Amino acid sequence: MEKIIVHVKPIDWTEGEVYGMSFRLSEHNSNVKIRWGDGKTDTYYGKEIRAYHIYPKETTLSFIVEAEIRGGKIEYFAPSGGDCYHEYVDFSGAPSIKEIYCESFKKVKLDNPLLTKLTLRIMLGTEYDLSKVPNLKELVFDCENREIKCLNLSHCHKLENLQCWCYITPKLKLILPNDAPLKYIDIRGHEFSKGCLDTIHRIIDRNGGEIVGEFEEPVEDDTNYDIILKKDGKIKRK
């Protein structure tokens, strides 16, 4: 039995005090039991599940939501809620997940060997480690946090498509495996140094890929914007 745990904290219920979860499961006779963290529990059946729950309009409260998947594998999962953010999302108890769409969160725990597609939007944390999703092929990383420091993709040796948008992020350490089969990278908003752009070009050119969103005049200072290549098990700064 697999489980997903989400720590939910409302910001402002201007869009309604509704929080939800969406699932796509591999079997029609599967069901999901959700404990909403306020004493209420519901069970949902089927292959396509969209579960919603109404909370009190009280922004000082927080809720721990637990979803137990009973039968079937998780093809897709997305937590959703108007004007709230996820203090913590733990996907490690659901190793079968193949695709995740998650937004407005601070910390995420990923340990999902079958995950191939991941979307992370409007992050509030400072560092994200994706080293335990080795089969990831597509990543959308949409960051709006000035304090973000690191995106670790060092174990994503199958990564083919990377959309990494950080318009207001002045310092980001991007860790990539040198052998990644990257064929498309969108780096809109970044002001990477010439050395970092050379590294991106080397990987993309080798794979016959495409770069989108590159600044015409890269910054000269290599200290603020960095890409690290992982080669032969060692981290080497370029």
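**Strands, sheet and aromatic pairs**

Strands β9 and β11 (residues 117-121) pair in parallel, with five bridges between them. Within this pairing, C102 stands opposite L120 in β11. Strand β9 shows two faces. I100 and C102 make up the covered face. E99, Y101 and E103 make up the uncovered one. The general rule fits here: side chains of a regular strand alternate between the two faces of the sheet.

The model is predicted. Its pLDDT averages 82 over the protein, and 82% of the residues score at least 70. Residues 218-238 fall below a pLDDT of 50. That stretch still has 60 contacts in the model beyond near neighbours in sequence.

Now take the protein as a whole. Its secondary structure comes to 20 strands and one helix. Of the 238 residues, 45% are buried. Contacts between residues at least 6 apart in sequence can be split by their span. Of these, 49% join residues at least 24 apart.

Next comes a sheet of six strands. It is open, and its order is β4-β3-β6-β1-β8-β10. The pairing is mixed. At the edges stand β4 (41-45) and β10 (105-109), each paired on one side only. On average, neighbouring strands of this sheet are turned by 20° against each other, direction ignored.

One pairing inside this sheet deserves a look. Strands β1 (residues 2-10) and β8 (residues 84-90) run antiparallel and are joined by six bridges. V8 has H86 in β8 as its bridge partner.

After β8 the chain enters a loop that leads to β9 (99-103), and S96 has its place there. Is S96 buried or exposed? With a relative accessible area of 4%, S96 is buried, because the cut-off for buried is under 20%. Leaving out residues up to four places away in sequence, S96 touches E2, K73, I74 and L114.

Turn to the aromatic rings. The whole structure holds five aromatic pairs. Two numbers describe such a pair: the distance of the centres and the angle of the planes. For F77 and F91, the ring centres are 5.9 Å apart and the planes stand at 70°, so the pair is edge-to-face. F77 lies in strand β7 (residues 74-81), while F91 lies in the loop between β8 and β9. The pair therefore ties together parts that are 14 residues apart in sequence. Both F77 and F91 are buried.

A second edge-to-face pair is formed by F105 and Y128. Here the distance is 5.5 Å centre to centre, with 90° between the planes. Which strands does this pair link? F105 sits in strand β10 and Y128 in strand β12 (residues 127-129), 23 residues apart, so the link spans distant parts of the chain. F105 is buried, at a relative accessible area of 0%. Y128 is buried too, at 1%.

F77 and F91 also belong to a cluster: ring pairs link them with F23. Another ring meets a charge instead. The charged end of R188 sits over the ring of W165, at 4.7 Å from its centre.

Technical notes. Residues are numbered from 1 along each chain as its sequence is written. This is a predicted model: local features need pLDDT of at least 70, side-chain atom pairs count only at pLDDT 80 or more; totals for chains, interfaces and linings use all residues. Side-chain values use heavy atoms; hydrogens and water are left out. pLDDT is the predictor's confidence in each residue, from 0 to 100. Contact means heavy atoms within 4.5 Å. Two strands pair if DSSP finds at least two bridges between them. Helices (H or I, at least four residues) and strands (E, at least two) are DSSP runs, numbered from the N terminus. Axes are lines fitted to C-alpha atoms, for helices over the stretch in contact, and angles run from 0 to 180 degrees between N-to-C directions. Buried means under 20% relative accessible area, exposed over 50%, partly exposed in between (1.4 Å probe, protein chains only). Rings of Phe, Tyr and Trp (its six-membered ring) pair if their centres lie within 6.5 Å; planes under 30 degrees apart count as stacked, over 60 as edge-to-face and the rest as tilted. A charge sits over a ring if NZ of Lys or CZ of Arg is within 6 Å of the ring centre and within 35 degrees of the ring normal.
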